[in-house]
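Welcome, and thank you for coming along on this short tour. Please open the model in your viewer and keep the selection panel handy.

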Amino acid sequence: MQDVGEQLRAQGLRMTSQRRRVLDVVTREGHVTPDRVVALVAADGGQPLAASTVYRSLEALESLGVVAHTHLDHRAPSYHLADHAGHVHLVCRRCGRVEECPEAFATEFVGNVLAASGFVADVTHMAVHGECAECSR
């Protein structure tokens with residue numbers, strides 16, 4: 001976290017207690033929506049944080065490349081540590097389970113899209129929806 005604090009200072013920002021608490025939640029939870037961050041910081045014994053503070057903290061941390069987000073559904077984005085990227089999210093439509101597979105599994109798809117349209121796809125920013133192994137039985 002000290003490195004994150006140094007990165008923030010280099011941009012004229014500080015590692016505030018609010019940003020630290022938000023980063024702690026993202027680190028602990030893996031994938032978490034802003035609303036869930038609000039709820040979890042409210043339960044950590046500190047002062048409750050307004051949703052706007054959580055969003056601004058997440059934006060500041062994302063601009064540094066510390067966290068990244070993906071859209072697991074059509075609702076709020078889900079945040080995770082940026083160094084946890086490099087995977088594609090698999091979301092079960094029945095039970096809501098979120099699994100991950102290596103980004104390399106989508107290499108052929110990304111190459112096909114590039115060849116056909118010149119578009120460079122970022123599959124780590126999306127989710128593939130279907131049914132998990134248990135629900136598909």
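**First stop: a pair in the sheet**

Select Leu-90 and then Val-128, its bridge partner in β5. Now widen the selection to strand β3, residues 87-92, which pairs with β5 in the parallel sense over 4 bridges. Two strands are said to pair if DSSP finds at least two bridges between them.

A word about what is on your screen: this is a predicted model, in which local features need pLDDT of at least 70 and side-chain atom pairs count only at pLDDT 80 or more, while totals for chains, interfaces and linings use all residues. Residues are numbered from 1 along each chain as its sequence is written, and side-chain values use heavy atoms, with hydrogens and water left out.

**The whole sheet**

Add β4 to the selection, and you have an open sheet of 3 strands in the order β4-β3-β5, with mixed pairing. Which strands lie at the edges? They are β4 (98-102) and β5 (127-130), each pairing on one side only. Neighbouring strands here are turned by 30° against each other on average, direction ignored.

**Two crossing helices**

Next, select helix α3 (residues 34-42) together with helix α4 (residues 51-63): their axes come within 9 Å and cross at roughly 115°. Axes are lines fitted to C-alpha atoms, for helices over the stretch in contact, and angles run from 0 to 180 degrees between N-to-C directions. The crossing therefore makes α3 roughly perpendicular to α4, a label for angles of 65 to 115 degrees.

Show the side chains where the two helices meet: Pro-34, Val-37 and Val-38 from α3, with Ala-51, Val-54, Tyr-55 and Leu-58 from α4. Contact means heavy atoms within 4.5 Å.

**Two cysteines**

Now pick Cys-132 and Cys-135. How many disulfides does the structure hold? There are 0, where a disulfide is a pair of cysteine sulfur atoms within 2.5 Å. For Cys-132, the nearest cysteine sulfur is that of Cys-135, 3.6 Å away. Cys-132 is buried, at 7% relative accessible area, and Cys-135 also counts as buried at 17%. Buried means under 20% relative accessible area (1.4 Å probe, protein chains only).

**Zooming out**

Finally, show the full chain, with its 5 helices and 5 strands. Helices (H or I, at least four residues) and strands (E, at least two) are DSSP runs, numbered from the N terminus. The C-alpha atoms fill a box of roughly 45 × 35 × 20 Å, taken along the principal axes. Of the 137 residues in the chain, 35% are buried.

Terms used:
Buried < 20%, exposed > 50% of the residue type's maximum accessible area, 1.4 Å probe, protein only. Parallel < 35°, antiparallel > 145°, perpendicular 65-115°, else oblique.
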